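Biologist: Before we begin, may I ask you to justify each term you apply to this protein? I should like to see how a value leads to a word.

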Amino acid sequence: NWGIVGSATVNGWNGPDMPFFKTDTDGVLNAFVTLADGEFKFRENNDWANNYGSDSSTGGTLTSGGGNMTVTAGSYKIGLDLNNLTYTIEAFSLGIVGGATPNGWNGPDVMMEYDQYSDVFRAIVTLTDGEMKFRMNNDWGTNWGDDGVDGTLDAGGSNIVVSAGIYIATVNMNELTDTVEKMDHVGGVVGGAAPKGWNGPDAQVKRDWSKPF
(Lines give C-alpha, C1' and ligand atoms only; values in the text may rest on other atoms or scores of the structure.)
Protein backbone atom coordinates (compact mmCIF):
# COMPACT_ATOMS: atom_id res chain seq x y z
CA ASN A 1 0.00 0.00 0.00
CA TRP A 2 2.07 2.89 -1.32
CA GLY A 3 1.02 6.53 -1.18
CA ILE A 4 2.04 10.16 -1.56
CA VAL A 5 2.49 12.24 1.59
CA GLY A 6 3.57 15.82 2.21
CA SER A 7 2.55 19.44 2.51
CA ALA A 8 1.44 19.38 -1.14
CA THR A 9 -1.12 16.62 -0.48
CA VAL A 10 -4.67 16.96 0.76
CA ASN A 11 -3.89 15.55 4.23
CA GLY A 12 -0.41 17.02 4.77
CA TRP A 13 2.56 15.24 6.32
CA ASN A 14 0.44 13.23 8.75
CA GLY A 15 -1.67 11.51 6.08
CA PRO A 16 -3.59 9.42 5.31
CA ASP A 17 -1.59 9.37 2.10
CA MET A 18 -2.92 9.82 -1.43
CA PRO A 19 -2.94 6.26 -2.87
CA PHE A 20 -1.11 4.69 -5.77
CA PHE A 21 -2.84 2.04 -7.90
CA LYS A 22 -1.52 -1.07 -9.62
CA THR A 23 -0.75 -1.15 -13.34
CA ASP A 24 -0.35 -4.09 -15.72
CA THR A 25 3.32 -4.29 -14.68
CA ASP A 26 4.16 -5.72 -11.27
CA GLY A 27 5.96 -3.18 -9.11
CA VAL A 28 4.91 -0.21 -11.26
CA LEU A 29 2.20 2.00 -9.75
CA ASN A 30 0.34 5.13 -10.87
CA ALA A 31 -1.49 7.92 -9.06
CA PHE A 32 -3.71 10.69 -10.42
CA VAL A 33 -3.65 13.53 -7.89
CA THR A 34 -4.32 17.22 -7.45
CA LEU A 35 -1.53 18.83 -5.41
CA ALA A 36 -0.94 22.25 -3.84
CA ASP A 37 2.30 24.23 -3.79
CA GLY A 38 4.57 22.30 -1.43
CA GLU A 39 6.63 19.15 -0.93
CA PHE A 40 5.96 15.42 -1.14
CA LYS A 41 7.49 11.97 -0.66
CA PHE A 42 6.41 8.36 -1.13
CA ARG A 43 5.88 5.91 1.73
CA GLU A 44 4.46 2.46 2.40
CA ASN A 45 1.45 1.70 4.63
CA ASN A 46 1.00 5.33 5.78
CA ASP A 47 4.15 4.91 7.86
CA TRP A 48 7.65 6.39 7.83
CA ALA A 49 9.44 3.04 8.29
CA ASN A 50 9.76 2.68 4.51
CA ASN A 51 9.82 5.91 2.51
CA TYR A 52 11.49 7.31 -0.59
CA GLY A 53 12.53 10.76 -1.73
CA SER A 54 14.72 12.22 -4.45
CA ASP A 55 17.16 15.02 -5.24
CA SER A 56 15.09 15.72 -8.36
CA SER A 57 11.58 17.20 -8.35
CA THR A 58 10.95 16.39 -12.02
CA GLY A 59 11.36 12.61 -11.87
CA GLY A 60 14.35 10.30 -11.63
CA THR A 61 16.10 8.11 -9.08
CA LEU A 62 14.63 7.51 -5.63
CA THR A 63 16.58 6.85 -2.44
CA SER A 64 15.41 5.39 0.84
CA GLY A 65 14.71 8.25 3.26
CA GLY A 66 15.73 10.71 0.51
CA GLY A 67 14.94 14.41 0.21
CA ASN A 68 11.54 16.00 -0.24
CA MET A 69 10.39 16.75 -3.79
CA THR A 70 8.79 20.13 -4.52
CA VAL A 71 5.79 20.79 -6.75
CA THR A 72 3.60 23.69 -7.84
CA ALA A 73 -0.18 23.48 -7.58
CA GLY A 74 -1.85 21.41 -10.29
CA SER A 75 -3.17 18.01 -11.37
CA TYR A 76 -0.57 15.31 -12.00
CA LYS A 77 0.04 11.72 -13.02
CA ILE A 78 2.79 10.26 -10.83
CA GLY A 79 4.44 6.94 -11.62
CA LEU A 80 6.34 4.90 -9.02
CA ASP A 81 8.63 2.13 -10.30
CA LEU A 82 9.60 -0.03 -7.32
CA ASN A 83 11.61 -2.37 -9.56
CA ASN A 84 14.10 0.30 -10.60
CA LEU A 85 13.48 2.79 -7.75
CA THR A 86 12.54 5.65 -10.06
CA TYR A 87 9.55 7.95 -10.39
CA THR A 88 7.92 10.16 -13.03
CA ILE A 89 5.66 13.18 -12.68
CA GLU A 90 3.73 14.96 -15.42
CA ALA A 91 0.87 17.44 -15.66
CA PHE A 92 -2.29 15.42 -16.19
CA SER A 93 -5.95 16.32 -16.04
CA LEU A 94 -8.87 15.09 -18.10
CA GLY A 95 -11.79 17.46 -18.43
CA ILE A 96 -15.04 18.25 -20.23
CA VAL A 97 -15.22 21.49 -22.22
CA GLY A 98 -17.82 23.06 -24.50
CA GLY A 99 -20.80 25.32 -24.87
CA ALA A 100 -22.89 22.86 -22.86
CA THR A 101 -20.57 23.07 -19.82
CA PRO A 102 -20.68 25.68 -17.03
CA ASN A 103 -17.55 27.51 -18.26
CA GLY A 104 -18.07 27.25 -22.02
CA TRP A 105 -15.42 26.56 -24.65
CA ASN A 106 -12.71 28.58 -22.90
CA GLY A 107 -12.87 26.58 -19.64
CA PRO A 108 -11.64 25.91 -17.07
CA ASP A 109 -12.89 22.43 -17.85
CA VAL A 110 -15.10 20.25 -15.67
CA MET A 111 -12.49 17.93 -14.12
CA MET A 112 -12.94 14.16 -14.25
CA GLU A 113 -11.94 11.89 -11.36
CA TYR A 114 -10.04 8.62 -11.62
CA ASP A 115 -12.25 5.67 -10.64
CA GLN A 116 -9.77 3.06 -9.48
CA TYR A 117 -12.47 0.41 -9.18
CA SER A 118 -13.13 0.43 -12.93
CA ASP A 119 -9.88 2.01 -14.23
CA VAL A 120 -11.79 4.81 -15.95
CA PHE A 121 -12.32 8.56 -15.46
CA ARG A 122 -15.74 9.85 -14.43
CA ALA A 123 -17.51 13.12 -13.70
CA ILE A 124 -20.99 14.13 -12.63
CA VAL A 125 -21.81 17.28 -14.57
CA THR A 126 -24.82 19.50 -15.22
CA LEU A 127 -25.03 20.40 -18.92
CA THR A 128 -27.21 22.68 -21.02
CA ASP A 129 -28.38 22.11 -24.60
CA GLY A 130 -25.22 22.31 -26.68
CA GLU A 131 -21.96 20.59 -27.51
CA MET A 132 -18.95 19.27 -25.60
CA LYS A 133 -15.61 17.52 -25.98
CA PHE A 134 -12.97 15.95 -23.74
CA ARG A 135 -9.45 17.40 -23.50
CA MET A 136 -6.21 17.12 -21.56
CA ASN A 137 -4.79 19.75 -19.20
CA ASN A 138 -7.32 22.50 -20.09
CA ASP A 139 -5.60 22.78 -23.46
CA TRP A 140 -6.53 22.08 -27.08
CA GLY A 141 -3.24 20.29 -27.82
CA THR A 142 -4.89 16.96 -26.99
CA ASN A 143 -8.66 16.67 -27.34
CA TRP A 144 -11.27 14.08 -28.33
CA GLY A 145 -14.69 14.13 -29.94
CA ASP A 146 -16.88 11.41 -31.42
CA ASP A 147 -17.03 11.35 -35.23
CA GLY A 148 -19.45 8.46 -35.58
CA VAL A 149 -21.58 9.06 -32.47
CA ASP A 150 -20.63 5.48 -31.60
CA GLY A 151 -19.01 5.93 -28.17
CA THR A 152 -15.50 5.73 -29.63
CA LEU A 153 -13.32 8.77 -29.03
CA ASP A 154 -11.55 10.33 -32.01
CA ALA A 155 -8.53 12.62 -31.62
CA GLY A 156 -9.66 16.11 -32.61
CA GLY A 157 -13.05 14.61 -33.53
CA SER A 158 -16.52 16.05 -33.87
CA ASN A 159 -18.27 17.85 -31.02
CA ILE A 160 -20.58 15.68 -28.90
CA VAL A 161 -24.16 17.00 -28.88
CA VAL A 162 -26.07 16.83 -25.58
CA SER A 163 -29.39 18.06 -24.24
CA ALA A 164 -29.85 19.83 -20.91
CA GLY A 165 -29.63 17.62 -17.85
CA ILE A 166 -27.41 15.99 -15.23
CA TYR A 167 -25.00 13.35 -16.53
CA ILE A 168 -22.37 10.85 -15.51
CA ALA A 169 -19.62 11.12 -18.11
CA THR A 170 -17.16 8.22 -18.33
CA VAL A 171 -13.93 7.96 -20.33
CA ASN A 172 -11.90 4.77 -20.72
CA MET A 173 -8.40 5.91 -21.66
CA ASN A 174 -7.24 2.35 -22.38
CA GLU A 175 -9.89 1.74 -25.04
CA LEU A 176 -10.57 5.40 -25.94
CA THR A 177 -14.31 5.07 -25.40
CA ASP A 178 -16.84 7.26 -23.62
CA THR A 179 -20.39 7.27 -22.32
CA VAL A 180 -22.55 10.22 -21.30
CA GLU A 181 -25.47 8.87 -19.24
CA LYS A 182 -28.35 11.00 -18.00
CA MET A 183 -29.23 11.00 -14.28
CA ASP A 184 -32.48 12.00 -12.64
CA HIS A 185 -31.00 13.47 -9.45
CA VAL A 186 -27.73 14.51 -7.84
CA GLY A 187 -27.24 15.41 -4.18
CA GLY A 188 -25.87 18.73 -2.99
CA VAL A 189 -25.29 20.93 0.04
CA VAL A 190 -26.92 24.37 0.15
CA GLY A 191 -27.01 27.07 2.82
CA GLY A 192 -25.33 30.07 4.37
CA ALA A 193 -22.37 27.86 5.26
CA ALA A 194 -22.04 26.57 1.68
CA PRO A 195 -19.69 28.22 -0.88
CA LYS A 196 -22.56 29.71 -2.95
CA GLY A 197 -25.02 30.38 -0.12
CA TRP A 198 -28.73 29.56 -0.12
CA ASN A 199 -29.21 30.29 -3.82
CA GLY A 200 -26.56 27.84 -5.02
CA PRO A 201 -25.42 26.29 -7.21
CA ASP A 202 -25.10 23.65 -4.49
CA ALA A 203 -21.84 22.06 -3.40
CA GLN A 204 -22.22 18.71 -5.16
CA VAL A 205 -22.01 15.49 -3.16
CA LYS A 206 -19.34 13.17 -4.59
CA ARG A 207 -20.21 9.70 -5.83
CA ASP A 208 -18.73 6.58 -4.22
CA TRP A 209 -17.56 4.86 -7.40
CA SER A 210 -17.09 1.53 -5.58
CA LYS A 211 -20.88 1.16 -5.36
CA PRO A 212 -23.02 -0.01 -8.30
CA PHE A 213 -25.06 2.57 -10.20
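**From values to terms**

Modeller: Leaving aside neighbours within four places in sequence, Thr 9 is in contact with Ile 4, Met 18 and Leu 35. Please keep in mind that this is a predicted model.

Biologist: What makes Thr 9 buried?

Modeller: The relative accessible area of Thr 9 is 7%, and buried means under 20%; therefore Thr 9 counts as buried. Thr 9 is found in the loop between β1 (2-5) and β2.

Biologist: Why does Ser 93 count as buried?

Modeller: The reasoning is the same in form. Ser 93 has a relative accessibility of 8%, and the limit for a buried residue is under 20%, so Ser 93 counts as buried. Ser 93 lies in the loop between β11 (86-91) and β12 (94-97). Apart from neighbours within four places in sequence, Ser 93 has contacts that include Ser 75, Met 111 and Arg 135.

Biologist: Why is Asn 45 called partly exposed?

Modeller: Asn 45 has a relative accessible area of 46%. Buried is under 20% and exposed is over 50%, with partly exposed in between; therefore Asn 45 is partly exposed. This residue lies in the loop between β5 (38-44) and β6 (51-53).

Biologist: What is notable about the phi of Asn 45?

Modeller: Phi of Asn 45 is near 60°, which is a positive value in a residue other than glycine. Most residues other than glycine have a negative phi. Asp 119 likewise has a positive phi, of about 60°, although it is not a glycine. Asp 119 is found in the loop between β14 and β15. With a relative accessible area of 36%, Asp 119 falls between the limits of 20% and 50%, so Asp 119 is partly exposed.

Biologist: Which peptide bonds are cis?

Modeller: The bond from Gly 15 to Pro 16 is cis, with omega near 5°. The bond from Gly 200 to Pro 201 is also cis, with omega near 5°. Most peptide bonds are trans. Pro 16 is found in the loop between β1 and β2, and Pro 201 in the loop between β22 (188-189) and β23.

Biologist: How many aromatic pairs are there?

Modeller: The count comes to 13 aromatic pairs. One of them joins Tyr 114 and Phe 121, with 5.4 Å centre to centre and 55° between the planes.

Biologist: Why is the pair of Tyr 114 and Phe 121 called tilted?

Modeller: Ring centres must lie within 6.5 Å to pair, planes under 30 degrees apart count as stacked, and planes over 60 as edge-to-face. A distance of 5.4 Å meets the first condition, and 55° lies between the two angles, so the pair is tilted. Both Tyr 114 and Phe 121 are buried. Ring pairs link these two with Phe 21, Phe 32 and Phe 92 into a cluster.

Biologist: How do you know that the charged end of Arg 43 sits over the ring of Trp 48?

Modeller: The charged end of Arg 43 is 4.6 Å from the ring centre of Trp 48, and the distance limit is 6 Å, alongside a limit of 35 degrees from the ring normal. Arg 135 is placed over the ring of Trp 140, with its charged end 4.5 Å from the centre.

Biologist: Which element gives the most to the lining of the largest pocket?

Modeller: β15 gives the most, with 6 residues. The largest pocket holds about 1,400 Å³ of space.

Methods: Residues numbered from 1 in each chain as written. Predicted model: local features only at pLDDT ≥ 70, side-chain atom pairs only at ≥ 80, totals over all residues. Heavy atoms only, no water. Phe/Tyr/Trp six-rings, centres within 6.5 Å; stacked < 30°, edge-to-face > 60°. Buried < 20%, exposed > 50% of the residue type's maximum accessible area, 1.4 Å probe, protein only. Helix = DSSP H or I, 4+ residues; strand = E, 2+ residues; numbered from the N terminus. Contact = heavy atoms within 4.5 Å. 1 Å grid on protein atoms, 1.4 Å probe; cavity = no way out; pocket = protein on both sides within 12 Å on 5 of 7 lines; lining within 4 Å. Points joined across faces, edges and corners; volume = space filled by probe spheres on them.
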